[in-house]
Amino acid sequence: MPMIEEILERIRSGEMKPSEHLEEKIEVLEHREPELNAFITKTVDLAREQAKEIDKIVESGGGEAFYGLIWGIKDNFALKGIRMTCGSKMLEDYIPPYTATPVQKILDNHGVILGKLNMDEFACGSSGETSYFGPTRNARDPEYVPGGSSSGAGAAVAAGIVDLALGSDTGGSIRNPASFNGVVGLKPTYGLVSRYGLADLAMSLDVPGPLAPDAYGIALAMDVLQGFDSKDRVSARRKLPFLESIDSFDPEHVRISVSESLLNGVDPAVRKTTEHVIRFFESKGVEIVDVDLPDIWAAFPTYYLVMYPEFASAMQKFDGIRYGHRVDASTLYETVAQSREEGFGKEIKRRITMGTFISMAKNAEWYKLALRARTTLLHMFENAFKQADIIVSPTVPTLPFKLGERINDPVKMYMADALTVPANLTGIPAISFPAGWKGRLPIGVQLMGPRFTDHILVSAVRFFEKEGKQWSE
Amino acid sequence: MVRIGFEIHVQLKTKSKLFCSCPTNFLEAEPNTNICPVCTAQPGSKPEGINEEVIRKAVMVALALNCKIRDEPLRFLRKHYFYPDLPNNYQRTSEPFAVDGELNGVRIREIHIEEDPGRYELREGIVDYNRSGVPLIEIVTEPDMTTVEEARNFLKHLRAVLDYLDVILYPEIGFRVDANVSIEGGERVEVKNINSIHGVVRALKYEIARHKRMLAMGKKIVRETRHWDEVRGVTVSLREKETAEDYRYMPDPDIPPYHIDPALVKELRAKMPELPHQKRDRLVREYGIDESAAWTFVLDKELGDLFESLAKQFGVKNATSFCLNLRGELNYRDKYLAEIPNRERLTKLAELYFGGKITKPVYVEYLRKILDDPAFVPAEQEQLSDDAIRQIAHEIIKANPQAVADYKSGEKKALNFLVGQIVARTKGRADPKRAIQILREELQRL
């Protein structure tokens with residue numbers, strides 16, 4: 001697969017027009033999509049119009065950051081006039097009247113949007129199987145799940161249908177499919193990318209971020225996506241030097257930590273890949289330190305105590321009255337109840353039920369407890385980052401699994417998120433990159449760093465891409 | 001003993017809504033035109049911000065009610081319930097930002113900020129979201145009032161304070177009261193959503209009488225929420241507290257806690273306009289009117305202002321009598337002066353009357369017309385000549401032999417009756433003083 005830098009260079013030098021690049025991608029789309037089901041809505045006509053415009057601009061010596069690179073957008077971001085389903089029957093026909101900030105930034109910077117990507121319903125899932133529009137398949141082996149919830153994003157990038165994809169990450173939804181499909185995915189520091197126009201899952205955890213075939217693609221995307229947005233109260237007044245510092249990873253001045261608590265019980269191949277990455281960095285002169293993460297076990301239960309109630313609250317707005325699936329019943333109460341009953345899938349109802357229960361007044365202590373645990377985890381990571389600049393772990397404890405294997409076992413399914421949720425609970429950046437292979441199945445490794453060191457994580461992945469070799473078995 | 005406490009909702013006068021930049025003028029705008037993705041809860045929208053103007057106005061109110069502004073981060077909570085006028089199906093409401101105030105001898109427990117829902121027309125099944133997100137404050141008192149009279153006085157004083165601060169979005173509707181009332185031996189009952197002070201007084205009287213009747217019959221008064229039916233003048237049970245909903249309050253993750261800057265509080269304290277009690281004291285001091293008249297005037301901000309301007313033009317005595325008359329007429333109509341359009345007509349009326357251009361009966365008639373007919377403009381009226389009055393006096397004498405006889409036999413009241421007849425016949429165009437003079441002369445001649 002040609003890397004992002006090469007494609008950009010070919011367009012900028014005039015060797016290839018953006019519209020020619022698009023046609024190549026449309027061919028890939030026609031070839032791979034029937035098998036993968038990575039798209040919910042294709043916007044081929046729109047993309048062609050866009051590419052034609054950008055052709056002219058590039059020809060006359062202009063062009064913004066993306067120069068007609070092809071983007072796929074997870075279908076929980078609003079793009080005005082194009083339906084946004086969130087992978088749910090509830091929003092099967094919903095046309096948003098506005099455009100999400102990150103999507104607008106992509107358009108403004110000459111990213112060509114080829115379509116809205118499949119996802120687990122309302123981003124609730126780790127396998128891409130809960131979508132109302134059918135499961136997405138793994139781009140490396142269609143027998144396997146692509147991971148989730150940004151399932152279409154992971155598969156479309158890995159299959160080369162799009163150059164870059166916009167995903168969202170609440171408990172691992174970017175990193176998990178990046179890992180399962182063998183691409184790079186960044187969950188940025190909470191607030192670094194505006195959430196305006198991203199449908200809620202759990203508001204204190206949600207963050208948009210890019211998936212790309214390589215670290216360069218992530219850096220290119222992040223330079224555009226990051227930045228303060230007055231429409232999102234939690235967005236940060238910070239900008240990090242992604243492309244500028246992409247090649248400045250200095251192994252002599254970085255300490256990387258390995259913690260046995262993050263390797264407990266993981267699949268042997270996944271463990272070996274992680275250790276392989278650590279040995280690589282060590283061989284390059286990085287200081288490897290042992291860091292204790294004594295309270296890491298609390299992340300998993302805490303995640304559910306935080307996510308469920310926030311999700312239940314966010315989902316209140318879907319009542320069939322202003323928009324969305326509607327069943328007209330004899331009473332208002334029945335209209336709302338039946339619209340929700342028909343419009344939502346099983347996992348959504350499970351989470352709303354759990355969230356409603358946890359947030360009831362009589363259980364108020366639980367949510368308070370979860371917020372206290374979050375503070376404890378934050379302190380634990382702050383302490384860890386006094387000793388190490390980067391913490392390495394597997395992205396997902398297991399290899400990709402087959403379709404249907406876990407869909408009826410929520411606890412097992414939830415376990416896929418065990419190593420990704422700590423970064424969401426603490427707001428720190430985390431990146432997953434392909435570091436190994438077990439046969440045809442990719443294995444991702446995760447790097448976590450202190451808040452607002454996203455660019456350093458990207459440069460570490462870049463360093464591995466250039467200097468390292470992927471583990472395989 | 002009766003105990004009364006209030007929760008008062010005030011729609012704040014700001015240009016834009018609490019969490020988005022849509023305009024607040026929901027009464028004038030076509031339905032569903034002042035809306036955006038935020039205030040209609042489109043998937044993916046977020047509250048854009050906390051409108052600073054809301055904070056400023058809210059703090060002004062809190063300071064005027066002698067509250068302490070809490071110097072710690074203010075959290076906004078989500079209060080969950082399903083209703084078509086509430087686009088998110090939760091309402092955002094802040095924790096108290098001000099506590100421990102006092103007005104008119106009533107303690108203010110706390111004040112917090114909320115968003116107003118849209119307007120749902122139940123019968124037509126139509127929702128208008130123009131109001132959705134309009135800023136509200138809720139002022140909560142302690143149950144310190146023990147009579148309906150105290151309750152009325154408190155509300156009038158509070159309303160005056162809000163008018164002096166000019167913070168009510170629509171003065172005629174932007175003041176909604178929930179009244180809590182209990183009497184000894186019974187539980188507390190909440191009467192919700194009464195939209196005038198007059199309505200509160202009626203509802204309280206009704207409730208207190210109902211409670212007393214219940215207890216006298218040996219019945220229990222249970223804790224419940226009732227609705228005030230303005231038209232029928234009764235309260236109706238909505239729900240008993242035992243079955244109260246669980247609103248699943250939780251801090252809104254989209255709104256970071258907001259710290260009200262102590263420097264802002266200091267700035268607003270320094271900018272505080274003259275408040276009703278200060279104006280009362282000043283009117284007493286500067287114009288020498290008695291305290292109760294002064295209080296009557298200042299409780300209606302516009303009336304207080306009118307008094308001052310009339311006193312400068314026509315003297316304190318004239319201004320006082322004019323304003324007391326006006327107050328009486330407004331009370332009769334349950335209105336504030338601000339609700340009367342084209343109020344410059346009142347100054348014109350005072351000019352005509354105190355300039356001797358119209359008679360007292362005409363003045364009274366005009367005053368009522370000004371209040372009842374927005375189009376009516378008072379104008380000088382042609383006065384009847386002495387000859388014309390004499391002509392009419394003849395006719396009246398002829399038509400009322402009995403009254404004439406009474407007068408002749410020393411019954412002085414009969415003269416008043418005859419003058420009244422002349423005034424009525426001339427529709428006030430005869431100056432009563434001239435009419436008396438001429439009538440006396442004509443009666444002498446008989």
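Trainee: What makes β7(A) and strand β9 (residues 390–394) of chain A count as a pair, and in which sense do they run?

Mentor: In this predicted model, three bridges join β7(A) to β9(A), and the strands run parallel. Two strands pair if at least two bridges are found between them, so the three bridges of β7(A) and β9(A) satisfy that condition. Within this pair, Ser257(A) stands opposite Ile391(A).

Trainee: How do you know that strand β7 (residues 255–258) of chain A and strand β8 (residues 287–290) of chain A pair, and what is the sense of that pairing?

Mentor: Four bridges are found between β7(A) and β8(A), and the requirement is at least two, so these strands are paired as well, in the parallel sense. Here Ile256(A) is the residue that stands opposite Ile288(A) in β8(A).

Trainee: Which helix lies on the path from β7(A) to β8(A), and why is the crossover called right-handed?

Mentor: The chain passes from β7(A) through helix α8 (residues 268–283) of chain A before reaching β8(A), which makes a β-α-β crossover. The term right-handed requires that, with the strands pointing away from the viewer, the path from the first strand over the helix to the second runs clockwise; the crossover from β7(A) to β8(A) is right-handed, so its path runs clockwise in that view.

Trainee: How many helices and strands does chain A have, and why is chain A called as compact as a globular protein of its length?

Mentor: Chain A holds 15 helices and 12 strands. Its radius of gyration is 21 Å, and because this is close to the 23 Å that the globule rule gives for 473 residues, chain A is described as being as compact as a globular protein of that length. Along the principal axes, the C-alpha atoms of chain A fill a box of roughly 70 × 55 × 45 Å.

Trainee: What share of chain A counts as buried, and what makes a residue buried?

Mentor: Of the 473 residues of chain A, 61% count as buried, which means that each of these has 20 or more other C-beta atoms within 10 Å of its own.

Trainee: What are the domains of chain B, and how many residues link domain 1 with domain 2 by contact?

Mentor: The domain assignment gives domain 1 (2–269), domain 2 (276–372) and domain 3 (386–445) in chain B. Between the first two named, 10 residues of domain 1 of chain B are in contact with eight residues of domain 2 of chain B. On the domain 1 side, helix α2 (residues 148–165) of chain B supplies the largest share, six residues.

Notes: Residues are numbered from 1 along each chain as its sequence is written. Chains are lettered from A and ligands numbered from 1 in the order in which they are written. This is a predicted model: local features need pLDDT of at least 70, side-chain atom pairs count only at pLDDT 80 or more; totals for chains, interfaces and linings use all residues. Domain bounds come from an automatic or database domain assignment. Two residues are in contact if their C-beta atoms, placed from the backbone, lie within 7 Å. Helices (H or I, at least four residues) and strands (E, at least two) are DSSP runs, numbered from the N terminus. The radius of gyration is taken over C-alpha atoms; the globule rule is 2.2 Å times the number of residues to the power 0.38. A residue is buried if 20 or more other C-beta atoms lie within 10 Å of its own, exposed if 12 or fewer, and partly exposed in between; C-beta atoms are placed from the backbone.
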